[in-house]
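Let's take a relaxed walk through this structure, one part at a time. Have a look at it first.

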Amino acid sequence: MTRVALRGLAGRKFRASLTALAIVLGVAMISGSLVLTDTIDRAFDRIFVESYAGTDAVVSGASSDIKFEGETAESPPIPAALLDEVRAVSTVDVAAGSILEQTAVKILDRKGDPIVKNAPTFGFGIDASVSRFNPLELKDGRWPTGPAEVVIDSGTAEDERYGVGDRVQVATVRPVREFEVVGIAQYGGVESLGGATFAVFDVRTAQQLLDQEGTFDAIQVAAKAGTSPEELVADLESALGKRVTVRSGVEQANEDSEEVAGFVTFIRYFLLTFGFIALFVGAFVIFNTLSITVAQRTRELATLRTLGASRRQVLTSVLVEAFVIGALASVIGLFLGFGLAKLLNWLFKLLELELPTTGLVFATRTVVVALLVGILVTVVAGLAPALRATRVPPISAVREGATLPTGRLSRYTPYIAGVLVALAVALLGYSLFADELEIAQRLLSIAGGVLALFIGVALLSPKLVRPLARALAPVSRWVLVGLTGVYLPVLYGAWLVSEAVTGWTLGAARRAVYLLGGLLLPTAYGALVALVLRVVAGPVPSWLLVVPWLVAVTSILAAALLLLSTPVLLVLRARGAREVFARPAFERDPATEQLARENSRRNPGRTAATAAALMIGIALVTFVSVLAQGMRESNRDAITGQIKSDFVITSEDGYSEFVAGVTDAAATAPNAELVTDVRQEIGQVAGAGQNVTGVDPQQITAAYSFEWKEGSDAVLAELGRSGAIVAETFADDKDLAVGDAFTLRTPGGRHFTLTVKGIYEPPPFYPLLGAVTISRDTWDSLFENARNRFTFVNVPGEPTKEAKRAIDAAVKKYPDARVQTRQEWIDKEDSEFQQFLSMLYILLALSVIVSVFGIVNTLVLSVFERTRELGMLRAVGMTRSQTRRLIRHESVITALLGAALGLPLGIFLAALVTEALGQWDVQFRIPATPLEIFVVAAIFVGIVAALLPARRAARLDVLQALQYE
Amino acid sequence: MQTHKATAAQPARLNGSVVTATDVTRRYGHGDTAVDALRGVSLEVARGKLTAVMGPSGSGKSTLMHILAALDRPTSGWVEIDGTRLGGLSDNAITKIRRTHIGFVFQFFNLLPMLTAEENVLLPLSIAGEKPEKSFFEDLLRRIGLHDRRSHRPSELSGGQQQRVAIARALVSRPTVVFADEPTGNLDSKTGGEILELLQQSVADYQQTLVMVTHEARAAAIADRVLFLADGRIVRELECAGERDVLAAMEELTAL
């Protein structure tokens with residue numbers, strides 16, 4: 001029996017491989033995600049391990065242990081004098097102080113812009129004389145020894161073609177300065193640092209540049225021979241006391257990698273999600289394909305039953321088939337994952353989200369997971385068809401045209417589906433609105449709910465196929481006619497080329513028509529591509545705005561051409577000319593259309609399952625797009641609601657803190673009417689980590705508008721040394737009222753008591769200030785490093801381009817400062833958001849591609865099944881192009897069904913999630929353009945999917961087809 | 001000409017029977033549209049003999065064979081194969097009976113296209129998880145005339161050769177009874193003749209009980225016994241009849 005299944009599979013190689021493709025992509029995504037994140041993991045591991053390879057113990061500032069939104073407050077620096085105390089410990093062999101800065105140091109590119117790619121920009125002060133502590137490896141040159149020398153990372157050196165001896169500008173806490181590159185370095189074994197950069201100075205220079213004179217960030221210590229790291233740590237702890245944290249090198253490496261590991265794990269699950277989505281869609285395709293093949297093999301299965309095969313054997317044979325398909329697909333997918341890992345890395349790089357990598361890591365776990373998941377999904381998807389196969393009665397072996405009996409449960413399918421949908425909605429409601437759920441619990445029940453929802457709707461959809469197909473058929477017809485207008489130029493172009501190659505045999509008039517078509521071709525396609533780009537990549541350069549116009553003009557021209565050509569073609573045909581277009585595109589072809597419509601309705605279950613695969617992809621992109629639109633609106637409202645100033649200065653990346661000196665620099669601009677800044681750092685307030693901001697009470701109201709809950713702008717004047725304004729959510733959370741006191745602990749270890757003077761209510765989606773706001777003077781006295789979150793600038797009159805230029809010039813020496821108007825800031829955030837959205841679209845496109853294979857599969861199989869029927873149609877006079885049109889039409893109807901089911905589902909999910917995110921004030925907006933494009937994409941999917949099956953159908957030999965059994 | 005006539009009312013019972021049917025009726029559909037395909041058929045099939053069931057189209061002969069072969073269930077009455085009553089058996093039990101007691105030869109051959117001739121022949125054994133007896137199997141292939149075609153796929157064989165494979169497949173497990181459903185229905189007359197000869201030979205060589213449904217007089221003529229079916233009843237029976245006797249009997253039937 002197994003042999004029968006395997007041989008059967010081998011005999012249907014083409015169909016089997018089409019089926020397998022449905023799983024290959026999902027498995028590839030899973031294996032690719034694992035390979036990439038493992039590679040990133042290893043790179044980070046290398047970095048951390050190498051960082052402390054020669055270090056037995058590390059002395060750093062006493063950890064404050066303050067955490068807020070996944071970020072840990074930096075430990076305070078330690079006094080340089082401590083180095084001597086360390087060296088005095090008897091078991092210490094060597095010790096050296098170092099500086100490690102993660103954000104402030106930025107290397108400038110050759111154009112004078114800071115190199116910032118959503119990754120740390122390290123600044124090191126390293127005592128190169130003690131090489132055992134040095135994590136870096138010189139590739140070229142030497143270590144820096146003076147105030148004008150720097151060593152940079154090899155990635156930056158390569159990208160910007162900086163070499164030893166070149167001059168390079170580096171921004172630090174001090175204004176930007178020029179240094180000489182004296183060396184190029186890298187972490188040993190780490191191929192790429194991703195988006196991160198580093199600049200290495202000697203310790204004294206680093207201290208100066210980063211305002212850390214007299215302090216170190218860490219002291220690295222090596223033990224004397226015979227002393228273990230643990231003993232050394234104990235000795236240092238007893239010598240230095242509680243002022244500092246002492247860790248062994250290994251502990252420190254673990255500590256450092258912990259944060260990063262969490263981040264990499266997040267990325268791993270994020271990417272895996274898309275793999276699982278693609279697999280889920282693939283499962284639909286497998287289910288459908290196997291169902292069809294089982295139905296087509298009814299007689300074969302019945303024959304096996306008459307020869308003594310038991311139900312169990314039939315079940316096994318179908319499952320073996322599924323297993324083999326799954327196994328083959330998984331193996332291919334596994335290796336394809338390698339390529340995909342590179343592709344994903346490239347995608348990250350494109351979006352400036354690149355992370356460090358080494359040579360690709362291929363873990364055993366990757367193999368096991370990819371194979372297991374791929375095979376399991378295929379076999380589970382094959383279970384239902386296999387069970388149906390067992391119900392083939394042996395008597396079907398002797399009956400012509402025997403069909404599979406409907407299942408015992410099929411009568412109840414609508415009820416089951418209804419229950420499933422209800423269950424799904426309940427589960428989603430619970431997971432989204434129930435309080436106090438663990439994140440993992442919440443995510444799991446969301447995933448379960450969405451899964452059940454998709455399956456439920458898919459089960460319901462056969463009921464919807466008939467009415468929807470009826471409604472969509474005319475849409476499909478007009479779409480196809482319309483698109484003929486677009487792809488006709490391609491045909492013209494192709495003819496043009498072939499005519500040119502074979503020598504001109506056409507008359508002058510026709511040649512002119514073809515030439516015109518050939519000219520329209522690139523414009524039409526450029527237009528389409530541009531339109532798609534607009535949605536995927538967000539705001540486009542203004543010259544591309546010409547494109548929609550071109551689309552319109554081209555379409556009109558093409559349509560006119562078609563209309564005009566219709567009478568010409570009719571005349572030509574009447575004269576018996578054998579022409580390329582035997583049938584003018586605008587002429588109705590009711591017979592073909594009706595056949596296509598009926599075909600898509602005659603097996604509703606099959607059409608529904610095919611459409612359901614596409615539905616999932618469309619629903620998810622719709623969901624993402626609607627939710628994103630709402631968030632964008634909320635973001636915009638939050639920013640416009642809070643900011644009053646003409647200009648906002650942020651760091652280049654928009655979220656890091658930047659050098660406080662920017663404020664003074666901006667004040668030197670001749671047109672600066674008011675310049676005020678917002679300091680920000682994490683502090684422990686009333687027992688929880690929060691952002692603590694410092695503002696100038698006199699000036700802040702000119703730049704930022706407080707939505708007062710209790711108090712007014714007048715409160716700011718009364719802040720004094722210990723007054724604080726708190727956000728309403730924080731006040732509620734901590735049960736604070738005006739007049740209440742609470743404590744603040746800084747990362748540096750200072751304790752301070754604050755009193756609530758006012759409560760305000762910032763927009764929950766994007767509060768620009770921290771939960772606690774105090775006066776800047778108090779802030780500066782409490783926190784170690786004066787870093788700004790914003791600097792606001794007002795100018796007299798409108799914020800014109802000239803005004804901006806003046807401020808730009810004033811802060812030029814701090815290249816990390818980005819000056820922008822409120823609108824520019826919103827646009828910038830929008831485009832960054834759009835970038836993230838594009839990545840989601842690209843990752844979701846994977847599942848859409850899988851559903852394309854699903855449609856191809858179904859069509860190929862039905863062409864096979866209908867061979868005789870098609871032969872008959874051809875025998876009674878259907879032309880090849882009509883046959884093609886028949887299949888294409890059917891395909892587009894199926895694709896439109898997918899869109900018709902997916903769009904509302906996606907909007908529903910988005911509405912649900914928006915509701916759940918109510919506390920962050922996310923709005924609900926349905927963006928028209930992307931949704932329109934998704935529909936167009938669905939139609940495109942239909943047309944592309946029909947290409948191959950339509951070709952096969954049109955190529956059938958009439959005689960053979962009629963005799964086909 | 002009339003020598004081997006039996007009255008229609010008498011049940012056709014013989015000694016040493018391996019398949020018996022008792023008062024079998026089969027009704028399709030319900031109410032007004034109900035059709036009675038069989039209206040009370042009782043018969044016995046003798047061991048080691050070739051029994052033919054003849055009748056005009058619509059006479060119920062196919063339905064009868066389906067019920068005898070456990071492919072279909074009677075509306076009333078029962079069937080026994082080798083002493084086991086089929087009614088009420090589970091699917092697994094019937095599967096077991098198919099493995100040990102029943103072989104099939106189909107009108108459209110029903111070979112599996114992806115298997116070779118030899119593999120097709122061996123299929124019933126491999127489904128049952130048994131190994132063929134080497135000498136018997138080789139002998140069978142030689143007798144059927146397939147020994148030089150054993151590695152061909154069905155698509156590489158002529159219709160007659162395909163039916164030979166199917167016959168060998170039906171014989172390979174040495175079942176109690178082989179059912180042949182219009183075995184020559186899809187073949188030209190020369191090939192059909194060869195196949196009939198082969199069937200007759202197999203019955204003789206292996207003492208194989210065989211029930212054949214046919215509407216061709218020539219096919220029925222090779223049978224030891226011919227049962228005539230009309231309107232769902234056995235109306236006549238001939239033993240060792242020649243082709244002309246069968247034809248005459250058929251003519252009489254259609255004239256009724």
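## How far to trust it

Chain A has an average pLDDT (the predictor's confidence in each residue, from 0 to 100) of 84, and 87% of its residues score at least 70. Residues 578-582 of chain A fall below 50, and beyond near neighbours in sequence this stretch makes eight contacts in the model; two residues are in contact if their C-beta atoms, placed from the backbone, lie within 7 Å. Where pLDDT is low, the predicted coordinates shouldn't be read in detail.

This is a predicted model, where local features need pLDDT of at least 70 and side-chain atom pairs count only at pLDDT 80 or more, while totals for chains, interfaces and linings use all residues. Residues are numbered from 1 along each chain as its sequence is written, and chains are lettered from A and ligands numbered from 1 in the order in which they are written.

## Where the chains meet

The contact involves 21 residues of chain A and 20 residues of chain B. On chain A's side, α1 (2-11), α8 (298-306) and α9 (311-350) each supply at least two residues. Helices here are DSSP runs (H or I, at least four residues) and strands are too (E, at least two), numbered from the N terminus.

## The sheet in chain B

Chain B has an open sheet of four strands in the order β2-β1-β4-β5, with antiparallel pairing; strands pair if DSSP finds at least two bridges between them. β2 (35-46) and β5 (84-85) of chain B stand at the edges with a single partner strand each, so one side of each has no neighbour in the sheet.

Two bridges join β4 (residues 76-81) of chain B to β5(B), and E80(B) stands opposite R85(B).
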